[in-house]
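Colleague: I should like to learn how to read the features of a protein model in an orderly way. May we take them in turn, with the general idea before the particular case?

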Amino acid sequence: MTMMRELTLIGIRMESPNRAPVMMLRETEGYRYLPISIGSVEATAIAYEEQGLRPSRPLTHDLMRDLIEAWGVRLEAVEIVELKDAVFYAELLLDNGARVSARPSDSVALAVRLNTPIRCTEEVLREAGVATPEEEQAELERFRQFLDGVAPEDFSS
């Protein structure tokens, strides 16, 4: 059985020089961070939900949430299960035992809407996780404060 670690979404940051969005996840019971490059549409969807913004019409991830609820199934967890050729792979774990392959960005956008746990295999964290020394903790706190001030419009092209 694969060892899974629970993650927390820290937020989205813009990576220089091309200002590409990066989703930052952190081990709940640990010190490693998992940065994953994502598209601007997914970054906006995650940022909207984090900030409690409601568009006039449902976004794709809102539709996915509504379908899951309408069908009477529950999303038990989002799991980042593999890193292959610099591409992350995730699965949606439903309460009926089904596993649905998905991109991590879509999975997390759905997880934040449904308050669902986000997990990652130990193998992926070993390969792509970034350990943070104690002296960088203050800088990370400043980064968290920056994330609190970022608006979804900052991700539009």
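Colleague: In what order do the strands form the sheet, and is the sheet open or closed?

Modeller: Please keep in mind throughout that this is a predicted model. As a general idea, the strands of a sheet pair through backbone hydrogen bonds, either parallel or antiparallel. Here eight strands make up an open sheet with mixed pairing, and their order is β6-β5-β4-β7-β1-β2-β3-β8. The edges are β6 (99–102) and β8 (130–131), each of which pairs on one side only.

Colleague: In which sense do β3 and β8 pair, and over how many bridges?

Modeller: Strand β3, residues 32–37, pairs with β8 in the antiparallel sense over two bridges. To locate the pairing in the viewer, take Tyr33, whose bridge partner in β8 is Val130.

Colleague: What does the UniProt record place on this chain, and at which residues?

Modeller: The unreviewed UniProt entry places the feature "domain: BFN" at residues 4–132. In the model, that span is 31% helix and 42% strand, and its end C-alpha atoms lie 20 Å apart.

Colleague: Let us turn to the helices. Which strands does helix α1 lie across?

Modeller: The general idea for an α-helix is that there are 3.6 residues a turn, so residues three or four places apart point the same way. Helix α1, residues 40–50, lies across β1 (4–15) and β2 (20–27), and runs at about 105° to β1.

Colleague: Which residues of α1 are buried, and what covers them?

Modeller: The buried residues in α1 are Glu42, Ala43, Thr44, Ala45, Ile46, Ala47 and Glu49. Their cover includes β1 and β2 together with α2 (60–70) and α3. Just after α1, Gly52 takes a positive phi of about 70°.

Colleague: How many residues of helix α3 are buried?

Modeller: Nine of the 11 residues of α3, which spans 104–114, are buried, so the helix is largely enclosed by the rest of the structure. Among them are the charged residues Asp106 and Arg113.

Colleague: That leads me to charge pairs. With which residue does Arg113 meet in a salt bridge?

Modeller: In general, side chains of opposite charge can pair when their charged atoms come close. Arg113 meets Glu49 in a salt bridge, at 3.9 Å from N to O. Glu49 belongs to helix α1 and Arg113 to helix α3, so this pair ties together parts that are 64 residues apart in sequence. Both Glu49 and Arg113 are buried. The two also take part in a network of salt bridges that links Glu49, Arg54, Asp62, Arg65, Asp66 and Arg113. The structure holds 17 salt bridges.

Colleague: Is Asp106 buried or exposed, and with which residue does its side chain meet in a salt bridge?

Modeller: Asp106 has a relative accessible area of 16%, and because buried means under 20%, Asp106 counts as buried. Its side chain meets that of Arg103 in a salt bridge of 2.9 Å, N to O. Arg103, at 45% relative accessibility, counts as partly exposed. Another pair is Arg74 with Glu76, at 3.7 Å; Arg74 is partly exposed at 47%, and Glu76 is partly exposed at 29%.

Colleague: Which residues touch the most other members of the largest nonpolar core?

Modeller: That core has 29 residues, of which Met23, Leu25, Leu34 and Ile80 touch the most other members. If residues up to four places away in sequence are not counted, the contacts of Met23 include Leu9, Ile12, Leu34, Ile46 and Val108. Another core, of six residues, lies apart from the largest; among its members are Val22, Met24, Tyr33 and Leu147.

Colleague: Finally, I should like to examine backbone angles. Where does Ala86 lie, and what is its phi?

Modeller: Ala86 sits in the loop between β4 (75–84) and β5 (87–94). Its phi is near 65°, a positive value in a residue other than glycine. With 71% relative accessibility, Ala86 counts as exposed.

Colleague: In which loop does Asn115 lie, and is Asn115 buried or exposed?

Modeller: Asn115 lies in the loop between α3 and β7 (118–121), and is exposed, with a relative accessible area of 74%. Its phi is near 55°, again positive in a residue other than glycine.

Note on methods. Residues are numbered from 1 along each chain as its sequence is written. This is a predicted model: local features need pLDDT of at least 70, side-chain atom pairs count only at pLDDT 80 or more; totals for chains, interfaces and linings use all residues. Side-chain values use heavy atoms; hydrogens and water are left out. Two strands pair if DSSP finds at least two bridges between them. Helices (H or I, at least four residues) and strands (E, at least two) are DSSP runs, numbered from the N terminus. Contact means heavy atoms within 4.5 Å. Axes are lines fitted to C-alpha atoms, for helices over the stretch in contact, and angles run from 0 to 180 degrees between N-to-C directions. UniProt positions are given in the numbering used here, feature names are shortened, and annotations may be inferred rather than shown by experiment. Buried means under 20% relative accessible area, exposed over 50%, partly exposed in between (1.4 Å probe, protein chains only). A salt bridge is a side-chain nitrogen of Lys or Arg within 4 Å of a carboxyl oxygen of Asp or Glu. A nonpolar core is a set of buried Ala, Val, Leu, Ile, Met, Phe, Trp, Tyr and Cys residues joined through side-chain atoms within 4.5 Å.
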